[in-house]
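This briefing is a short guide to one protein model. Look at the sequence and the 3D view first, then read the points by topic.

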Amino acid sequence: MRYETIKSVVLTILVMLSILLTWNLWTYQPHYETMEGSNYVAEVTLSEKQEVQKIVQPDLILFHIKGEHYGTNNPGELDKVIKELSKWTFTDIKDVTSKVTSIKELMYGPGKAEIDFAGDVPIELYRSVLNIEAKKLPSFTFNRIVINVGNSEKENGVAYFVSTDSQKVYMGHISLANVNQFNREFVKNAAHYPRYFAYEASEKQTFFLPNDETKVTTYKYYLSPLNSEEFKDALFSDPSFVQKSILKHSEEYTNGSSKMTVNNQSNMLLYVNPTAEDNFIDTPYDLVKRSIDFVNEHGGWTDDFRYVSQNIYRSSVSFRLYSMNGYPVFNDTGLSEIEEMWGQNEINKYVRPNISLDLPLTSEMQMVTLPSGHDALKMLLSKKNFRPELLEDLVIGYQMERDSSENRLILLEPAWFYRYDKTWSEITTDDLGGMMHGLE
C-alpha cells in the first residue's frame, strides 16, 4: 500500500513537471542583445529611388492644328501633361492596326496631340502612370500617345498608343470630359509654343523640327566623384570577400567570379558578372522593369537619367542623361549613359559614369542660338552618300565634355545631333558653316 502511494505521488509530480515545461516551451521568448559594431551589410543608397514616371518621360509634345505644328520639350509643360493624363481612365484598349489606313494621318492629322517618347515603352510598365481599366491588358510597346482632340462631338474620347518602329496601333477610350479639359488647358494655348515643320525621311519615318532658330543655355558644372566602395557594397552579394587592387589609372574589385573596374581617368564604372546565364529572352516589360528596379536598389539615379531604349534580343536597356531644360546629353565615352545587360536572373554587365553633376555655375551660363531645323536638315542632306531612309532621329541636345582648362569642370554645349544607321553623331558648328552664335 505504501509503495503504491509513492508511485502515485511520483507520477503526479512528473505530470505537473511535464505541464510546466510544455507551458514554458510555448511561451518562451528569447531576449537578444542589441548588435553594436557588427559586420552586417547595410543597404546601399547613393541617391534617391525614382518612380517609373520620373524615369520614363516623354521628350516632346506636338499639337497638329489646322495644318500647323506647335511643340515643346519643356520639362515643366510635359510634366503637367502627364499629370493630367494620369487623372484619366483608359478603357477597352485593343489592337486596331488592321483598321488604320494611314498611321501618319492618325498621328499628324488636324486635331491631334502627340506625346513622343525616346524609346518603346511597355504598356504594362506605364500602367503605373496611367489608370487603365482592363482585366486582361494586351501586351505591347509604344513610343507615341496620340489624343484625338478634334472629335468633341462624339460620345467618347479616343487615345492611341502607337509604335512608329513596329507600325502597330492600339486604341483606348477616354471620357469626353477629359478631352474637353485637355483642350482648355493645353490645345487652346498651343500656338504659344514654337512652330515645327514636318520632314518625311521615308514612307514610315516623319520628323518634326523647329521651324526657327532655338535659344539654348550652355552649362558648366563641377563634377562630383561617386564612392566606389558604395558601388562595391551594392553590386557584390558578399562585399567582405571582395579584393581591391589599385592600378595606375583605375581600381579593380573582384570576388573571383565578378569584377568591377572604376577608371579614374574616364570616370566610367564597369561591372561584369560572367557567371550570369546568357541567352535570356523575356518580355520588354520584364526587361525594363528589372533594369529600373536594379538601379533603384542602390539609388543609382545620381543625375536626371531617363529610359531611352531596350533591346530584347541583347537583353539590354539604356538610360540617358537629360539637361535641366529637357534636352538629351551625349558623350563619346559614355559619361551620359547607363547601360545594363542581363543574364537569366542576374545582371551580366553594368556600365555607367562614376561621377555626378553638382549645381550649375550660374556665372558661367551663356545663351546661344542654334540654327533652325531647316538649316540642320540642309546640312545633312548635302552630305555625300547620305541616305534619308537611314536617318532615325534629328534633335537638339548637349555635347558633354571636360573643360580644357579645368579637369574638374564639365561643359554642356548645345548642338544638333542625328541618329543615322544606329549611330548618334553631332552636327558641328563647322558643318553648319559657323551658324551657331552667342547672344548679345
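A polar contact is a pair of N or O atoms within 3.5 Å; within protein, one atom must be able to donate a hydrogen and the other to accept it. By that rule, the side chains of Thr-206 and Lys-104 make a polar contact, at 3.4 Å. The model is predicted. The notes below go from the whole chain to its two sheets, then to its nonpolar cores and two single residues.

**The whole chain**

- The protein chain has nine helices and 26 strands.
- Of its 440 residues, 47% are buried.
- The accessible surface of the protein chain is about 23,800 Å², and carbon and sulfur atoms account for 49% of that.
- Taking contacts between residues at least 6 apart in sequence, 65% join residues at least 24 apart.

**The sheet of 10 strands**

- Strands of a sheet pair through backbone hydrogen bonds, either parallel or antiparallel.
- One open sheet has 10 strands in the order E5-E3-E8-E7-E6-E4-E1-E2-E9-E10, and its pairing is mixed.
- Which strands stand at the edges? They are strand E5 (131–133) and strand E10 (206–210); each has a single partner strand, so one side of each has no neighbour in the sheet.
- Neighbouring strands of this sheet are turned against each other by 35 degrees on average, with direction ignored.
- Strand E7 (residues 156–163) and strand E8 (residues 168–175) run antiparallel and are joined by eight bridges.
- Val-158 has His-173 in E8 as its bridge partner.
- Helix H3 (residues 75–85) packs on this sheet and touches five strands by name: E1 (58–65), E2 (68–72), E3 (89–95), E4 (112–122) and E6 (141–148). The direction of H3 makes about 80 degrees with that of E1.
- Helix H9 (residues 373–381) also packs on the sheet, where it touches strand E9 (195–200) and E10. The direction of H9 makes about 20 degrees with that of E9.

**The sheet of eight strands**

- Another open sheet has eight strands in the order E12-E13-E14-E15-E20-E19-E17-E16, with antiparallel pairing.
- Its edge strands are E12 (243–246) and E16 (305–311), each of which pairs on one side only.
- From one strand to the next, the twist averages 10 degrees.
- Helix H7 (residues 228–235) packs on this sheet, touching E12, strand E13 (250–254), E14, E15 and E20. Its direction makes about 160 degrees with that of E14.
- Five bridges link strand E14 (residues 259–263) with strand E15 (residues 268–272), and the two run antiparallel. Asn-263 has Met-268 in E15 as its bridge partner.
- E14 and E15 form a hairpin with four residues between them. In the turn, Asn-267 has a positive phi of about 60 degrees.
- E15 is also joined to strand E20 (residues 347–353) by five bridges, again antiparallel. Here Tyr-271 stands opposite Tyr-350 in E20.
- Strand E17 (residues 316–321) pairs with strand E19 (residues 337–342) in the antiparallel sense over five bridges. Arg-320 stands opposite Glu-337 in E19.

**Nonpolar cores**

- In soluble globular proteins, nonpolar side chains tend to be buried together.
- The largest nonpolar core has 99 residues, and those touching the most other members are Leu-85, Phe-90, Tyr-126, Phe-161, Phe-182 and Tyr-350.
- Not counting residues up to four places away in sequence, Phe-90 touches nine residues by name: Leu-85, Leu-130, Asn-131, Ile-132, Glu-133, Ala-159, Phe-161, His-173 and Ile-174.
- Apart from the largest core lies another of 15 residues, which include Val-96, Ile-103, Met-107 and Tyr-160.

**Two residues in edge strands**

- Thr-206 lies in strand E10. Is Thr-206 buried or exposed? Buried means under 20% relative accessible area, and Thr-206 counts as buried because its relative accessibility is 8%.
- Beyond residues up to four places away in sequence, Thr-206 touches Lys-104, Tyr-108, Ala-198, Tyr-199 and Glu-200.
- Gln-243 is in strand E12. Exposed means over 50% relative accessible area, and Gln-243 is exposed because its value is 59%.
- Leaving aside neighbours within four places in sequence, Gln-243 is in contact with Glu-252, Tyr-253 and Thr-254.
- Gln-243 and Lys-259 are 16 residues apart along the chain, and their C-alpha atoms are separated by 9.6 Å.

Definitions and conventions. Residues are numbered from 1 along each chain as its sequence is written. This is a predicted model: local features need pLDDT of at least 70, side-chain atom pairs count only at pLDDT 80 or more; totals for chains, interfaces and linings use all residues. Side-chain values use heavy atoms; hydrogens and water are left out. Two strands pair if DSSP finds at least two bridges between them. Axes are lines fitted to C-alpha atoms, for helices over the stretch in contact, and angles run from 0 to 180 degrees between N-to-C directions. Contact means heavy atoms within 4.5 Å. Buried means under 20% relative accessible area, exposed over 50%, partly exposed in between (1.4 Å probe, protein chains only). Accessible areas come from the Shrake-Rupley method with a 1.4 Å probe; for residues, only the protein chains shown count as cover. A nonpolar core is a set of buried Ala, Val, Leu, Ile, Met, Phe, Trp, Tyr and Cys residues joined through side-chain atoms within 4.5 Å.
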